Amino acid sequence: MIDLDRRQFLRTAGAASAWLAALPHLSLAQTAQRQTPGAAASPGFTPDLDIELAATPGETAIFPGAPTQVWQFRGRVLTGASAGFEMLPGGMLPIIRVHRGQKLRVRFINDLPEESIVHWHGLHVPQSMDGHPRHAIGPGQRFVYEFKVDNRAGTYWFHPHPHGRTGAQVYGGLAGLFQVSDDEERAAGLPAGEFDIPWVIQDRVFNNANQLVYLQNMMQRMNGFLGNRVLVNGQLDFTQSVATTAYRVRLLNGSNARIYRLARDDGRPLTVIGNDGGLLERPLERPFVTLAPAERVELWLDFSDRSVGDRLTLRSLPFRAGGGMGMMGGGAGSGEFPVLRVRVDRKITKRHVLPARLSTITAYRPEDAVNYAAPRRFHLQMGMGRAAINGRSFEMMAATPHETVRLGTQEIWEFANDGGMMTMPHPLHVHNLQFQVLARRGDPRIVSAGGDLAAGSIDAGWKDVVLVMPGEHVRVMMRFSDHTGLYLYHCHILEHEDMGMMRNYRVVA
Ligand code: C2O
Ligand code: CU
Ligand code: CU
């Protein structure tokens, strides 16, 4: 409730308060509308795509019998290409599609019984458009997003970000893909249309009445909530039908806390062509791929040498994630299970050729960082009922000097997972930018316990989430450009985020 009060205070504070008293004929609501980011569509902004997006209670058929009560996004295109907003079969997974440089307006309607706000994960947008929890709106309220899409082509996503309730709202069903295309990607000539498919992986627990079960106790909160059923694109026992050709597959780990170690069951390697911030420079082959919460990976899956009737299973391999030295060591470990199946069900002659070169990525030079000599270090800390970074849990409006950076500069940040009481991996996410992973180092005795995971992380290219293994220090480099203001960085295990393993950083001019 404190946050709600603060929000309302902010909404009416500032310039408005002085002349509010002088102009009693203006209602508070009208005044607030003019002062608040997101309160109304601006007449001067001409969107290429204008959509309405509501977060609302609903239900979906996951099992035979009783439908499952969920929270879901519903949307429609008001202006622009109809492909700009699409709902996948099952009605649980929306996809927004835009081309780089296009102007987007999203009229968000909160039809939930609690406050919410939508965050565009991975996008580079002004602070007021980022879906920070300080901008959360109450039930029945609206927030109008307007921004120019300025990210390279890639698979981004969106989800709610209200303070303390992100985990519950995402778990309830609120997540969508945000696909950006650009000219460089087009030139790569990758499979498109029906040969470009999304797989959003999430895990859930259901009770006997087919209803979602979320956090039952503090240990689940501290470990991160793990489900015992896997959904892909909102469906159980998901099977993808494919033709005898190659596909571009975009995977998002939309789970609250589960890490997947993905591999094919036919012994062939996975061909990785992209990750969080779009296409890699060139394809990589890996025996398995680690996908931590909020991470994306794009695969090239070629069925052109297969016959109709052939099957393939994507499995998650077992791993141990903790060092086993803390009281909760291994808490995020996992056994083996199938994630989804692919069935070749038709023969076509269309051929797709995997490009040797996918995109151009200019590597950051560490010596260009203003803090090259002394990178900022951030200790990720999980204790009994409390999560923090450098000893501080989330504070709505605060950023310390250590969390203040200069616009136009490049910096190296080091995320340190020194374990302490809880030894578990933390997928660290930074808002507003894509970074490059420079280095991982750590105590080999501790890191090796999670080595089966670390070896599968795709650190190449542009990233906005990096999995930091127990005992590991991971250095990333980033540039703060275009926008000043307050942005978040946090662990993307949503229970950790909600417990306070999240902080603001401030970009100052
Ligand atoms: Cu997926 Cu704070 O974000
Ligand atoms: Cu984000
Ligand atoms: Cu965490």
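A cavity is a set of grid points where a 1.4 Å probe fits but cannot get out. The exercises below concern a predicted model, and each one is followed by a worked solution.

**Exercise 1. Enclosed space**

Find how many cavities of 30 Å³ or more the whole structure holds, and describe the volume of the largest cavity together with its lining.

Solution. Begin with the search of the whole structure, which finds 3 cavities of 30 Å³ or more. Next, take the largest cavity, whose volume is about 120 Å³; it is lined by 17 residues, and those closest to its centre are Met92, Gly173, Gln202, Arg204 and Leu231. Then ask which element contributes the largest share of this lining: strand β10 does, with 4 residues. Finally, sort the lining of the largest cavity by class, which gives 10 nonpolar, 6 polar and 1 charged residues.

**Exercise 2. Two open pockets**

Describe the largest pocket and the second largest pocket by volume, central residues and residue class.

Solution. The largest pocket encloses about 740 Å³ of space. Of its 34 lining residues, Arg97, Gln179, Gly193, Asp196 and Arg250 are the closest to the centre. Two or more lining residues come from each of β4 (94–99), β9 (176–181), α5 (183–188), β10 (196–206), β14 (239–243) and β15 (246–253), and among the contributors β4 gives the most, with 4 residues. Sorted by class, the lining of the largest pocket holds 14 nonpolar, 11 polar and 9 charged residues.

Turn now to the second largest pocket, which has a volume of about 450 Å³. Here 23 residues form the lining, and Arg100, Asp150, Tyr364, Gln434 and Trp462 lie closest to the centre. The class count for this second lining is 5 nonpolar, 9 polar and 9 charged.

**Exercise 3. Two copper sites**

Identify the protein donors of the copper ion (ligand 2) and of the copper ion (ligand 3), and place them along the chain.

Solution. For the copper ion (ligand 2), the coordinating atoms are NE2 of His119 and NE2 of His429, at 1.9 Å. These two residues link distant parts of the chain, since histidine 119 belongs to strand β6 (residues 118–121) and histidine 429 to strand β27 (residues 426–430), 310 residues apart. Both histidine 119 and histidine 429 are buried.

For the copper ion (ligand 3), the donors are His426 through ND1, Cys491 through SG and His496 through ND1, at distances of 2.0 to 2.1 Å. Along the chain, the donors of ligand 3 follow the spacing H-x64-C-x4-H. Cysteine 491 and histidine 496 are both buried.

**Exercise 4. Two buried polar side chains in loops**

Determine whether histidine 132 and glutamine 211 are buried or exposed, and list what their side chains reach.

Solution. Histidine 132 sits in the loop between β6 and β7 (142–148). Its relative accessibility is 0%, and therefore histidine 132 counts as buried, the cut-off being under 20%. The side chain of histidine 132 reaches the backbone nitrogen of arginine 134 at 2.9 Å. Not counting residues up to four places away in sequence, histidine 132 touches Ile117, Phe394, Met396, Leu486, Leu488 and Asn504.

Glutamine 211 is found in the loop between β10 and β11 (212–213), and because its relative accessibility is 18%, glutamine 211 also counts as buried. Its side chain makes two backbone contacts that can be read in turn: the backbone oxygen of proline 67 is reached at 2.9 Å, and the backbone nitrogen of glutamine 69 lies 2.8 Å from a polar atom of the glutamine 211 side chain. Although glutamine 211 and glutamine 69 are 142 residues apart in sequence, their C-alpha atoms are 6.4 Å apart in space. Beyond its neighbours within four places in sequence, glutamine 211 contacts Pro67, Thr68, Gln69, Val205 and Phe206.

**Exercise 5. Positive phi outside glycine**

Compare the phi angle and the surroundings of alanine 294 with those of aspartate 482.

Solution. Start from the general expectation that most residues other than glycine have a negative phi. Alanine 294 nevertheless has a positive phi of about 80°, and aspartate 482 has one of about 70°. Alanine 294 lies in the loop between β19 (289–291) and β20 (296–302), while aspartate 482 lies in the loop between β30 (472–479) and β31 (485–491). Their accessibilities then decide the last step: alanine 294, at 0%, counts as buried, whereas aspartate 482, at 53%, counts as exposed.

Terms used: Residues numbered from 1 in each chain as written. Chains lettered and ligands numbered in written order. Heavy atoms only, no water. Buried < 20%, exposed > 50% of the residue type's maximum accessible area, 1.4 Å probe, protein only. Donors = N, O, S within 2.8 Å, 3.2 Å for Na, K, Ca; no water. 1 Å grid on protein atoms, 1.4 Å probe; cavity = no way out; pocket = protein on both sides within 12 Å on 5 of 7 lines; lining within 4 Å. Points joined across faces, edges and corners; volume = space filled by probe spheres on them. Nonpolar A, V, L, I, M, F, W, Y, C, P; charged D, E, K, R; others polar. Polar contact = N/O pair within 3.5 Å; in protein donor to acceptor, adjacent residues only side chain to side chain. Contact = heavy atoms within 4.5 Å.
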